[in-house]
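Reader: Please take a close look at how the chains of this model meet one another. I should like a connected account, with the relevant quantities stated as they were computed.

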Amino acid sequence: MKQFISVTDVADINALIKKAMVCKAEPLKYQQLGAGKRIGLLFLNPSLRTRLSTQVAARNLGMEAIVFNVDKEGWALEFEEGAIMSGNTVEHIKDAGPVLGQYFDILCIRTFPSLKNREDDYSEMFIHQFIKYAGVPVISLESATLHPLQSLTDLLTISEQLGIKPLNRKPKIVLTWAPHIKPLPQCVANSFAEWVNAWGEADFVITHPQDYELSEQFTKGATITQDQDAALAGADFVYVKNWSTYTDYGKVYENDPAWMLTEEKMKNTNQAKVMHCLPVRRNVELSDEILDGSHSLVTRQAGNRVWAAQAVLHEILTSK
Amino acid sequence: MKQFISVTDVADINALIKKAMVCKAEPLKYQQLGAGKRIGLLFLNPSLRTRLSTQVAARNLGMEAIVFNVDKEGWALEFEEGAIMSGNTVEHIKDAGPVLGQYFDILCIRTFPSLKNREDDYSEMFIHQFIKYAGVPVISLESATLHPLQSLTDLLTISEQLGIKPLNRKPKIVLTWAPHIKPLPQCVANSFAEWVNAWGEADFVITHPQDYELSEQFTKGATITQDQDAALAGADFVYVKNWSTYTDYGKVYENDPAWMLTEEKMKNTNQAKVMHCLPVRRNVELSDEILDGSHSLVTRQAGNRVWAAQAVLHEILTSK
Amino acid sequence: MKQFISVTDVADINALIKKAMVCKAEPLKYQQLGAGKRIGLLFLNPSLRTRLSTQVAARNLGMEAIVFNVDKEGWALEFEEGAIMSGNTVEHIKDAGPVLGQYFDILCIRTFPSLKNREDDYSEMFIHQFIKYAGVPVISLESATLHPLQSLTDLLTISEQLGIKPLNRKPKIVLTWAPHIKPLPQCVANSFAEWVNAWGEADFVITHPQDYELSEQFTKGATITQDQDAALAGADFVYVKNWSTYTDYGKVYENDPAWMLTEEKMKNTNQAKVMHCLPVRRNVELSDEILDGSHSLVTRQAGNRVWAAQAVLHEILTSK
């Protein structure tokens, strides 16, 4: 694996999940693998879980991890080819990329969408330019449209549950839109849809209010409905997530508490496990009742971020 | 020791001071103790000495220390139970705590008081919620009302001096209020009072202007007077510190240069050593003359922060 | 070497360049040298290359490097002797310096000029006060008037080129002013001039528009002209850099695109290699055409920052 920005970079999803499970069972099993290697974690946007779990994963593999908050500790980068840099950007990725590629063996980058111009965001120019110029393997710590480390964690968490309590059928996985107070990226939802579809081992349903359709590029293969109750019926896993509109881009039309998942709605499921990528706005996106209940997997999901990151790093280190 | 947020967490103060002295004499003596352990240093507020000395202490014990400036690199945390998170806070400690507890073996946190609502600050909700949800040992890097790593350093520094030049009586220790330009927390003063009282090996006097009474919860046992001259008479150690009002909470009534310690006032002492936790506003809280003089212990105190932190980490690592 | 803030701290420039080349050839050759040593990297201003390359260099020597963004993670420092600190500065370097000197074996600091008061900036009070009070060796990561790690890198890069393609005469090195959109320090230009003059192995020409004279303190020995074409004629190396005015301090009089280096102007040179310290404002300071062309050394220069830093650290570690 030479880069990790989408599920399309993964040759075998189940093999990667298995590797993550091996890392979880024995965190320091591969602690010699990354000895003498250096990984750079570049943030153009804030992070808690992603940053810390990736640092921990790198250290478990014996690598040195250096965090650099590009926006706060450095300056604004330019990504546009041919730009006349007389504005706010101080350094072009054409210059910063190859320099960073000389200092690090692997580079990780987080870069959020603007949510202002869909075409720009969905072109993923930032991360593609970064890959083009870095000259070393690049891992996405969440880009404009995708969050693959989260999705790998999600499938790892689902696989663990299916291992504990096997079903004699495909699990029903529901991705349900949740209310929020401000426009959020579509990354986590896009990425989860892309991974579950590529995995192919689930009965996958996406439910959201009118006008919140995601890009078909990622959802194709899933059943899509605006009837949340019907979607939840018999669900084994319910993934709760807000996202802003895709079609009329980056808006929040409806912030309807009726879409918040409740215990009442959960009765309709097959004692479904509830998932969320965190951070979660309690009692806006999801109730305390559900988050603190026995069906919540959110803490376990977040803990699994370490092993997902470690599996990806392992894959990159062994395929170099 | 399962947590370190107050002197009440310490079974034997002198034993802890002795351990700090051992660490100082031989910094790398226990460098295998923390091997493979990871410590998270979380800052909701700025820090210089506390952060760096704790990093150094952790490394001396072979631990990996990761600093995370929650406010700058992450986002605002919610600490209130049952909050409907439709405001500025992005993640609840109920979610962040257990996640961080999965990534780290020990967690350290700094969280300042608001100085707006005394009841809230003195409830120490932030650090108590953090402890409740982290699931691993927690060390205070200064909380709303206390700064125990500073106080341990202070007693270590006093003990060192008493070792160099023993007295055939209890030392007289004076905590004196000093002027400042803005309202500061009562933490360092509260904590110093709490520790000296618990230690019980000093003649302890607190002096401050009218209306600057500290909470009895911490000062009980000390002699309290508004007569600075009387307080200083025969003092062996003078701890200088500003704090804002406790009763009519968080105010600065008097910023009277007359309370600034001078060489003239020091003549009344028993050639007292002068202490301050730093940072100090020179020529406002304390004069250059005293800070640069031979009786100042402030640099030594700050250096001792490493050994105090190392003793506490040692205690936690060995009692797990 | 006890400090590294100017070329005057270097006993033998070519020996230091050679040491950097040795480090580049075998990065981990001296990985035991710094074992157990700790280096503090203090930033009062932002940095990308300088910070990361120095971290990498320190690690290559087995040292632990701790980064501290003084302005963002700490608070404003006071540098003026005798200051009555009733303003914005929270801690005096007289207190912070000795404390940091207790925590670290070597301290590195970046502190930019104000560009408001030439006398103040050129007094280099900040870094001199820091050295005075730190009590351990200090390395400049760029100060008010100089950037010695950059200049060492520059001479290393030039020496490498001369090694690849030797000349049977002194190389002609031209430092040419370039347009920019805002006033920049004179540091890189001053420092490059100081180092090339001290090195003494070049035919050195500085060219800039009227009113952009640099301080003679650094340029003395160089040929200075306002005729860019004449300067470039037969040049082997062209160092491109903007700086603000020195005489009428900190101004940008002329931001004349005519001074931007073009392929057309380069025809007049001896197929000169083009250098820049980065970050560069593309198509303002330097055209894409030149930066992306085969004559550009900028990426190589930036990569060499690691080896320059490593040579300086090696020098300090072995002369302690």
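Author: Helices and strands are here DSSP runs, a helix (H or I) having at least four residues and a strand (E) at least two, and they are numbered from the N terminus. The model itself is predicted.

The composition of chain A provides a setting for the contacts. For residues 189–314 of chain A, the helix content is 36% and the strand content 13%, and the C-alpha atoms at the two ends are 26 Å apart. An unreviewed UniProt entry assigns to this span the feature "domain: Aspartate/ornithine carbamoyltransferase Asp/Orn-binding". UniProt, again in an unreviewed entry, places "domain: Aspartate/ornithine carbamoyltransferase carbamoyl-P binding" at residues 2–160 of chain A. In that span, 43% is helix and 16% strand, with 27 Å between the end C-alpha atoms.

The arrangement of the copies comes next. Two copies of a chain are related by a rotation about an axis and a shift along it. A turn of 120° with a shift of 0.0 Å along the axis lays chain B on chain A, at an RMSD of 0.0 Å. This is the relation of a three-fold axis. In chain B, the residue that comes closest to the rotation axis is K72(B), whose C-alpha lies at 5.0 Å. Only 4% of the interface residues of chain B are also interface residues in chain A, and therefore the copies meet through different surfaces.

Consider now the interface of chain B and chain A. Chain B brings 28 residues to the contact and chain A brings 30 residues. The size of an interface is often given as the accessible area lost when the parts come together. For chain B and chain A the buried area is about 2600 Å², with 58% of it on carbon and sulfur atoms. Five salt bridges are found across this interface. One of them joins the side chains of E73(B) and R51(A), with an N to O distance of 2.9 Å. There are also 17 residue pairs in polar contact, both residues being at pLDDT 80 or more. On the side of chain B that touches chain A, at least two residues each come from β3 (64–69), α3 (70–73), β5 (91–92) and α4 (93–103) of chain B. Of the elements of chain B, α4(B) gives the most to this side, namely seven residues. By residue class, this side of chain B comprises 13 nonpolar, eight polar and seven charged residues.

The interface of chain C and chain B can be described in parallel terms. Here 28 residues of chain C contact 29 residues of chain B. About 2600 Å² is buried between chain C and chain B, and carbon and sulfur atoms give 57% of this area. E73(C), D95(C) and Y103(C) supply 24% of the area that chain C buries against chain B, more than any other three residues. The salt bridges between chain C and chain B number five. Among them, E64(C) pairs with R59(B), their closest N and O atoms being 3.2 Å apart. The polar contacts between chain C and chain B amount to 17 residue pairs, both residues at pLDDT 80 or more. In chain C, β3 (64–69), α3 (70–73), β5 (91–92) and α4 (93–103) each contribute at least two residues to the side that touches chain B. The largest share of this side is that of α4(C), with seven residues. The side of chain C that touches chain B consists of 13 nonpolar, eight polar and seven charged residues.

Key: Residues numbered from 1 in each chain as written. Chains lettered and ligands numbered in written order. Predicted model: local features only at pLDDT ≥ 70, side-chain atom pairs only at ≥ 80, totals over all residues. Heavy atoms only, no water. Contact = heavy atoms within 4.5 Å. Buried area = accessible area lost by both parts, 1.4 Å probe. Salt bridge = Lys/Arg side-chain N within 4 Å of Asp/Glu carboxyl O. Polar contact = N/O pair within 3.5 Å; in protein donor to acceptor, adjacent residues only side chain to side chain. Nonpolar A, V, L, I, M, F, W, Y, C, P; charged D, E, K, R; others polar. UniProt positions renumbered as here; feature names shortened; annotations may be inferred. Least-squares fit on C-alpha atoms with pLDDT ≥ 70 in both.
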